[in-house]
Amino acid sequence: MLALKTVRQKHEVSPELLRLLDEFRRMVNVCIAVGIEENVSSLKTLSLRSYHRLSRDMPSYYRLCAISKATGILHNHRKAKKKNPRTRFPCARKLMLTTCYGFKIQNGLLRLPVRPRHYVYVKLNSHTLRVLSGLNVRSVTLTRESLSISYSKETVEIEPEGYVGIDRNLDNVTSASSDGTVKTFDLSKATRIKADYRVVKSQFRRNDVRMRTQVFSKYGGKQRNRVHPLLHHASKRIVDEAKTRRYGIVMERLTGMRRLYRRGNGQSRNYRSRMNGWSYGELQRQIEYKAGWEGLRVIYVSARNTSRHCSICGYKTLEGTERQLWCPVCGTFLDRDENAARNLAARGLRFSPNGPPGEAMVEEREPENATLILKVDGGKLSR
Ligand SMILES: [Zn+2]
């Protein structure tokens, strides 16, 4: 298996590079126009139709990378269009360049060709060089203010000896392993930062869409810069722990998540916006790539009923208060978060070939679309 990671550093583009980025964006947009016009979106067909229309002054590998970039955009556009037929015409707006060929890293410098046999050099900082040493560099992405270099290595997937279930809650994530250890990672700071920015944004009064986009994207960036390190900290610890025990990681599948927290579900407005604002997707992304790098298996399962089933005996209709659950069958008091995380870890076990055989049969069939919707049965609300 090939594992990928990316290292990023800040830099200022020189006027020469800026011209290159601009030209690259123009090429991508030409390819997109060709793709829309002729209704093609596969990489191969698009290359055949658009290659000859691209500027001959550009090295051919930039032309190929532009086509591949356009293919990605066209693919996303197609998907978006299925959902919403009024999706507007796609185009590459951001100044950027991605290339898998032509560059070279030597003596602490990244060498990029601008024209045949004419190069520009970007100095790599010590962190980047340290990260990249001894690994295969796959591609380079340049934008106006940053340089990202993606690198790879071959990993062998570790056959999991157990699982860690990760459950998310309002202010924390809880991990529970097959061997019984439970850890809680406090992320209340992240939710607080997000809530603060929500308030700040709600106070924006000017009726000017362009200003609004500009100001909001600035806040978005600031918020990201503060929240992501917190998530990185948690995801690193989760992955490190799984690595030392050679465990797989089990997380909740997120599709349809917004349906869980929306108007009319009997939750407060603040609770809903905090649950929906949670960067759980980002945390999952980080855990997934970090685990992939270490060769750990990552499994997504449905989180349905994880806080209604007893994680000790499997009894199916636990009742309890906000934080505590009590099982009438085995008589255990359970912490709600801990119970849910344990149940997730147990669900992961079903996927392993030497897991409990009977358990595999218990996997509930979920009706389409009914996954996380609130049901009204017999006048009683239940999730
Ligand atoms: Zn029980």
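Here are some notes on the structure above, which is a predicted model.

1. Start with the overall picture. The chain has 383 residues, and 41% of them count as buried. Its secondary structure comes to eleven helices and 17 strands. Measured out along the principal axes, the C-alpha trace spans about 75 × 50 × 40 Å. The accessible surface is about 22,300 Å², and carbon and sulfur atoms hold 50% of that.

2. Next, how the chain meets itself. Take the contacts in the chain with a separation of 6 or more: 66% of them come from residues 24 or more positions apart. One pair to look up is L135 and S152, which are 17 residues apart in sequence, with their C-alpha atoms 6.6 Å apart in space. For another pair, try Q214 and S279: they are 65 residues apart along the chain, and 22 Å separates their C-alpha atoms. Q214 itself sits in helix 6, residues 209-245, and is exposed, with a relative accessible area of 55%.

3. L135 deserves a second look. You'll find it in the loop between helix 4 (126-132) and strand 6, where it is partly exposed at 26% relative accessible area. Setting aside residues up to four places away in sequence, L135 touches Y151, S152, K153 and W293.

4. Strand 6 covers residues 136-143, and S139 is part of it. Is S139 buried or exposed? It is buried, because its relative accessible area is 13%, and the cut-off for buried is under 20%. Leaving out neighbours within four places in sequence, S139 is in contact with T99, C100, F103, S148, I149 and S150.

5. Now the charges. The chain carries 73 positive and 35 negative charges, and the mean positions of the two sets are 8 Å apart. On the surface, R8, K10, K94 and R224 form a positive patch. Of these, K94 belongs to the loop between helix 3 (60-83) and strand 2 (96-99), and it is exposed at 55% relative accessible area.

6. R111 is the charged residue I'd check by eye. It is placed in strand 4, residues 109-115. R111 is buried but has no salt bridge, and the nearest side chain of opposite charge, E16, is 13 Å away. What does R111 touch, not counting residues up to four places away in sequence? The list is G102, F103, K104, Q106, Y119, V120 and Y121.

7. As for salt bridges, the count comes to 16. One of them joins the side chains of R53 and E38, at 3.2 Å from N to O. R53 is in the loop between helix 2 and helix 3, while E38 is in the loop between helix 1 and helix 2, so this pair ties together parts that are 15 residues apart in sequence. Both ends are partly exposed: R53 has 40% relative accessibility, and E38 has a relative accessible area of 28%.

8. Two further salt bridges are worth finding. E338 and R342 meet at 3.0 Å, N to O. These two are four residues apart in helix 10 (residues 336-349), so about one helical turn separates them. E338 is partly exposed at 24% relative accessibility, and R342 is partly exposed at 24% as well. The other bridge is between R206 and D208, whose closest N and O atoms are 3.9 Å apart. Here R206 is partly exposed at 49% relative accessibility, and D208 is partly exposed at 28%.

9. Salt bridges also link up into a network, made of D179, K183, E241 and R245.

10. Finally, a couple of backbone angles to check. Most residues other than glycine have a negative phi. N39 has a positive one, near 55°. It lies in the loop between helix 1 (15-37) and helix 2 (43-50) and counts as exposed at 56% relative accessibility. N305 also has a positive phi, near 60°. Its place is the loop between strand 12 (298-301) and strand 13 (319-320). Is N305 buried or exposed? N305 is buried, with a relative accessible area of 19%.

Key: Residues numbered from 1 in each chain as written. Predicted model: local features only at pLDDT ≥ 70, side-chain atom pairs only at ≥ 80, totals over all residues. Heavy atoms only, no water. Buried < 20%, exposed > 50% of the residue type's maximum accessible area, 1.4 Å probe, protein only. Lys, Arg positive; Asp, Glu negative; His and termini not counted. Salt bridge = Lys/Arg side-chain N within 4 Å of Asp/Glu carboxyl O. Contact = heavy atoms within 4.5 Å. Patch = residues over 30% accessible without salt bridge, like charges linked within 9 Å, V, L, I, M, F, W, Y side chains within 5 Å. Areas by Shrake-Rupley, 256 points an atom, 1.4 Å probe, with all protein chains shown as cover. Charge placed at Lys NZ, Arg CZ, Asp CG, Glu CD.
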